[in-house]
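Subject: Structure for your review: salt bridges

Dear colleague,

Please find below the structure that I am handing over to you. My notes on its charged side chains follow.

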Amino acid sequence: MSDLKPYTSNQTKTEQVQTMFDRVAHRYDMLNHLLSMGADHQWRRKTVQKATQNNPQTIVDLACGTADLTLALARNATNANLLGFDLSEGMLEVGRKKVADAGLSNRITLSQANAEKLDIESESVDSVTIAFGIRNFEHPELGLKEMVRILKRNGRIVVLEFSMPENKAFRAVYRWYFRNILPLVAGWISGDRKAYDYLPRSVEQFPWGDRFARIMIEQGCSNVEITTLMGGIAMIYTGTK
């Protein structure tokens, strides 16, 4: 996969992604909802449905950010304990406040960690989720391998990630918006234009669709299914250990 980085510095991609999300944490939720016109709520609901079909008791949410998906999982899987991990302490601070406000601190624990090196026992988790994070990994294959390692047999991996529209005309219009309008608006609101210049470039270089499904299979997933959202703007990949 691509070694594209958000900034032109000597930091590793992992370090730059951590810096990027620390910088935009204060506006991240608002921008997510604004730039997706609210569709991100529906996408997360579909992700939760797929991640909880096996009645999980333990769920790990990687690249959990401000805990939107983590909270949605907890509200659906009412008997489950959840562990959320993210590189950015700034994002986690926002997430912890949301968890506390929701009265779910007894079931949700948010911690700073690199998802490619998890301090979690092998075959101890029922479901693993990640939303809009796998393309930011320095080594996505290692991240997928870790997900498979910590899962119990028949556990589920559910990945929600941006992609590009399948229709050529729609893709051309979307790419123009993605490259020109989105970075301008989001950069002004967040105060970090480079973060939102990086977003469309990272999506365009991500091996979405069947290519990513093959990578999941290569790292130990079976029964991989793809759900296309809004004509291909995003996709949900579901796999089983």
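The notes below deal with the salt bridges and the residues that form them.

Please bear in mind that this is a predicted model. It holds 14 salt bridges, and three of the pairs are described here.

The first to describe is R44 with D40, whose side chains meet in a salt bridge with an N to O distance of 2.7 Å. Both residues belong to helix α3 (residues 39-51), where they are four residues apart and thus separated by about one helical turn. R44 and D40 are both buried.

Next, the side chains of D68 and K98 form a salt bridge at 2.5 Å, N to O. D68 lies in helix α4 (residues 68-76) and K98 in helix α5 (residues 89-101), so this pair ties together parts that are 30 residues apart in sequence. The relative accessible area of D68 is 19%; because buried means under 20%, D68 counts as buried. This pair also belongs to a network of salt bridges that links D29, D68 and K98.

Finally, R135 and E161 meet through their side chains in a salt bridge of 2.7 Å, N to O. R135 is located in the loop between β4 (125-131) and α6 (140-150), while E161 is in strand β5 (residues 151-162), so the pair ties together parts that are 26 residues apart in sequence. R135 counts as buried, at 9% relative accessibility, and E161 is buried with a relative accessible area of 0%.

With kind regards

Key
Residues numbered from 1 in each chain as written. Predicted model: local features only at pLDDT ≥ 70, side-chain atom pairs only at ≥ 80, totals over all residues. Heavy atoms only, no water. Salt bridge = Lys/Arg side-chain N within 4 Å of Asp/Glu carboxyl O. Helix = DSSP H or I, 4+ residues; strand = E, 2+ residues; numbered from the N terminus. Buried < 20%, exposed > 50% of the residue type's maximum accessible area, 1.4 Å probe, protein only.
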